[in-house]
Amino acid sequence: MLRPQDTATRERKRLDGLWDFRLDRDAAGRTERWFAGPLAGAAKMAVPASFNDLVADLETRDFFGDLWYSTTVRVPRGWSGQRVTLYVESATHRATVWANGAEVGSHEGGYLPFELDVTDHVTPGEEVRLTICVNNTLSFQSIPPGVIESQFGGPPKQRYFHDFFNYAGLHRSVWLAAGPAAHIDDVTVVTDIDGTTGVVRSTVAASGADGLAVRQILRDAAGAEAARADGADVSLRVEDAHLWRPGAGYLYDLELQLTDGETVVDSYHQAVGIRTVAVDGTRFLVNGEAVYFTGFGMHEDHAIVGKQHNDALMLRDFANLSWINANSVRTSHYPYSDDFMDHADRVGLLVIDETPAVGLNMSIGGGLFGTQGYTTYSPDTINDETQANHAAVIRELIARDKNRPSVVLWSLANEPETETEGGEEYFRPLFELARELDPTRPLGVVNMMVATHGKCRVSQFGDVLMLNRYYGWYVFTGDLDFAEKAWTHELSGWASEGKPIIITEYGADTIPGLHQLVPQPWSEEYQQAYYAMNHRVFDRFDAVIGEHPWAYADFATTSGIARVDGNKKGIFTRDRQPKQVAHALRTRWAAKSTGHADE
Ligand code: GCB
């Protein structure tokens, strides 16, 4: 599956705008066949957007169940004889699609795209009515998990174990696309460096292409041809290659052509960054050079629009990252939009690419320790079916992002239960799967505080240790002296493992503008003292090769006594203004970060 493009042989039409929309409060839509005609009683809904904050009532904001979307689109008459597909970038958390009332397919998982062939359901030149039933319910079998509970005879409520609001809807663009029946289906690119020569190995898969040939042409950023070869499986050599580096994301364009003699039957363009990634002892190497990661765990989260992808807001985020001398991010806690990832490729941002597996841990909820009243791994909770869904998102994530130079490390989950045998059994095959799918990139799981050094049974499978720790916040709250000692002690254990360590989360909730001469938690001064303490600890260990404060910006969460209008651990506010500590990080990272903006 390839993302739609406009090329010499392909066309696409973006379906964003106002769609008809209806919440299925009585779960009646499927039996009443709401897909069979125009959506009766519909309101308007923005696509892309989360639906939750576009209304002003709690019942709608917290609604879970089926969300019906419908729109009518005219299929371009020039698409006659073409293969027509519908491409949905994100339907959170699952969707079923109908075209003119006929079911065309379904997809599980809210943060990765899916494509459906609608050729037989459309007539070029005529309109087609598309209906998408999005379902946002979380269960122990979904990734991420959740549960529906009902207490004291009250209405059922959706509960979940992750610390961000369960925004839902069509969060990214929806496309109708056309291309030839004989077409390029997939491409896998792996790059290497041989002296000053860049090596680009590219493998193309095609459908309906019997008797057709493949030609691959690599052009530099100025459009000049750098190399070419015939064949589906080629190795292109680029003399004096311009490498993709942290902070300088040089991209070549690889044009893949399916040819019939001199005729180009299909053409697809793949961006290629020539770089290598390796772990060597406790070092993380990009192009053979050791990298120190600076940056953040983030969220796709904005006021009003929720998890909508928006190019303008994205550019501001990249500007902030560049200002603060960040060279990297983790896509906590789910895969981000293709547009975000494209921009990371373009500018040279290093990405730790995370699956949506967050909240597989019943010893934590909404950011707080304390049992959730369930056993994490059991036949009734996180079970084989959950694991199969987890495996599916790993497959889909690697399929989508395998060619991205920005992606240097896969994170298979955030803070799962890893200190038990159940955790070890659950993760062993997932690591094996990810390694088989992508032998070129390091892997890891983000470790949570209860699985301290010596207790975690999953970190043995990873190449990089990713630790989330809140010494001085959730533990030893307000006591930074003691926190420093305890943290140094634990980290010295991890540092003895001989693997690189990235501190993937550390942070303190902070109300911007709250000042205290004697720093106490929640003040700007405490946030600064907290970060200074953490940095003293990190700087004692060569094995620490990266620091990602939690979080880049304040974000929406479910309600709870530890959250005041959401999670306030942002280094930036929700509207992307710096808290006081941002200036200190900027200064520190100007010296520490590899490939930051000022270099
Ligand atoms: C964590 C989670 C993150 C939370 C954060 C917090 O460990 O990974 O999703 O938001 O803690 O602020 O509690």
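About 190 Å³ of space lies in the second largest cavity of this model, and I will start there. A cavity here is a set of points, on a 1 Å grid over the protein atoms alone, where a 1.4 Å probe fits but cannot get out. Grid points are joined across faces, edges and corners, and a volume is the space filled by probe spheres set on the points.

Before going on, the ground rules. This is a predicted model, in which local features need pLDDT of at least 70 and side-chain atom pairs count only at pLDDT 80 or more, while totals for chains, interfaces and linings use all residues. Residues are numbered from 1 along each chain as its sequence is written, and side-chain values use heavy atoms, with hydrogens and water left out.

Back to the cavity. The structure holds five cavities of 30 Å³ or more. The second largest has 16 lining residues, and those nearest its centre are Arg10, Arg83, Thr85, Glu115 and His183. Lining residues have an atom within 4 Å of a point. Two or more of them come from each of strand 5 (83-88), strand 14 (174-179) and strand 15. Helices (H or I, at least four residues) and strands (E, at least two) are DSSP runs, numbered from the N terminus. By class, this lining has seven nonpolar, four polar and five charged residues. For the classes, Ala, Val, Leu, Ile, Met, Phe, Trp, Tyr, Cys and Pro count as nonpolar, Asp, Glu, Lys and Arg as charged, and the others, Gly among them, as polar.

Strand 15 also belongs to a sheet. Strands 15, 16 and 19 form an open, antiparallel sheet in the order 15-16-19. Its edge strands are strand 15 and strand 19 (233-238), each pairing on one side only. From one strand to the next, the twist averages 20°; axes are lines fitted to C-alpha atoms, for helices over the stretch in contact, and angles run from 0 to 180 degrees between N-to-C directions. Two strands pair if DSSP finds at least two bridges between them. Strand 16 (residues 197-207) and strand 19 are joined by six bridges, and Arg201 stands opposite Ser235 in strand 19.

Next, the pockets. A pocket is an open set of points with protein on both sides within 12 Å along at least five of seven lines. The largest pocket has a volume of about 1300 Å³. Of its 49 lining residues, Asp62, Lys157, Gln158, Tyr160 and Thr558 are the closest to its centre. Which element supplies the largest share of that lining? Strand 12, with four residues.

The second largest pocket holds about 940 Å³ of space. It is lined by 37 residues, with Arg3, Gln5, Tyr268, Asp342 and Arg404 nearest its centre. Among the elements that give two or more residues to this lining are strand 20, strand 21 and helix 3 (338-347). Helix 3 gives the most, with five residues. The lining divides into 15 nonpolar, four polar and 18 charged residues.

Now helix 3 itself. Is it largely enclosed or largely open? Seven of its 10 residues are buried, so helix 3 is largely enclosed by the rest of the structure. Buried means under 20% relative accessible area, exposed over 50%, partly exposed in between, with a 1.4 Å probe and protein chains only. Among the buried residues are Phe340, Met341 and His343. The buried residues pack against several elements, including strand 5, helix 2 (311-323) and helix 4; contact means heavy atoms within 4.5 Å. Just after the helix, Gly348 takes a positive phi of about 90°.

Strand 20 is another enclosed element: seven of the nine residues in strand 20 (residues 252-260) are buried, so the rest of the structure largely encloses it. On one pairing, seven bridges join strand 20 to strand 17 (residues 213-219), and the two run antiparallel. There, Ala213 has Thr259 as its bridge partner. Strand 20 also pairs with strand 21 (residues 263-272), in the antiparallel sense over nine bridges. Asp260 is bridged to Thr263 in strand 21. These two strands form a hairpin with two residues between them, and Gly261 in the turn has a positive phi of about 65°.

Last, a loop residue. Val518 lies in the loop between strand 33 (501-505) and helix 7 (524-538). Val518 counts as exposed because its relative accessibility is 63%. Its C-alpha atom is separated by 61 Å from that of Thr72, which is 446 residues away along the chain.
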